[in-house]
Amino acid sequence: NLSLVVSHLKSRRSSDEAIKSAERIASLNDERVSLIQARDKALSVRKEQSAVVGKLMREGTAPDDGAVLQAKAESAKAAEEAAEIETKLDDIQATVESLLAGL
């Protein structure tokens with residue numbers, strides 16, 4: 001709870017910089033939660049499309065069939081999106097660690 005943390009920091013006469021760091025950490029945590037949800041959604045899409053490709057291949061559909069290619073493209077796009085989000089999450093983690101080290 002940010003208001004509780006800020007209250008404790010103020011009662012301990014922490015610097016304005018420390019209070020701003022706590023607020024920034026809370027903001028980054030909110031962003032992190034949102035990104036985790038987006039990553040999980042992208043991974044779910046990748047899993048679904050991979051299952052579609054597997055099903056089509058088991059049914060004897062040619063690897064260069066339009067449906068297979070489309071499912072592969074959607075799977076690849078979702079995997080790329082998840083990787084990009086993972087990079088952002090790593091950046092947020094590094095920033096939070098840096099802010100915490102400064103407190």
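## A tour from the cap of α3 to its salt bridges

Begin at Asp 65, which caps the N-terminal end of α3, with a side-chain oxygen 3.0 Å from the backbone nitrogen of Ala 67; such a polar contact is a pair of N or O atoms within 3.5 Å, one able to donate a hydrogen and the other to accept it within protein, and residues adjacent in sequence count only if both atoms are side-chain atoms. This is a predicted model, in which local features need pLDDT of at least 70 and side-chain atom pairs count only at pLDDT 80 or more, while totals for chains, interfaces and linings use all residues. Residues are numbered from 1 along each chain as its sequence is written, and side-chain values use heavy atoms, with hydrogens and water left out.

Next select residues 66-101, helix α3 (helices are DSSP runs of H or I, at least four residues, numbered from the N terminus). Its buried residues include Val 68, Ala 71, Ile 85 and Leu 99, where buried means under 20% relative accessible area, exposed over 50% and partly exposed in between, with a 1.4 Å probe and protein chains only. Among what covers these buried residues is α2.

Now show Arg 39, which forms a salt bridge with Glu 86, their closest N and O atoms being 3.1 Å apart (a side-chain nitrogen of Lys or Arg within 4 Å of a carboxyl oxygen of Asp or Glu). Arg 39 lies in helix α2 and Glu 86 in helix α3, so the pair ties together parts that are 47 residues apart in sequence. Add Asp 40, whose salt bridge with Arg 39 has its closest N and O atoms 3.3 Å apart; Arg 39, Asp 40 and Glu 86 are thus linked in a network of salt bridges. Arg 39 is buried at 18%, whereas Asp 40 is partly exposed at 40%.

Technical notes
Helix = DSSP H or I, 4+ residues; strand = E, 2+ residues; numbered from the N terminus. Expected span 1.5 Å × (residues − 1). Contact = heavy atoms within 4.5 Å.
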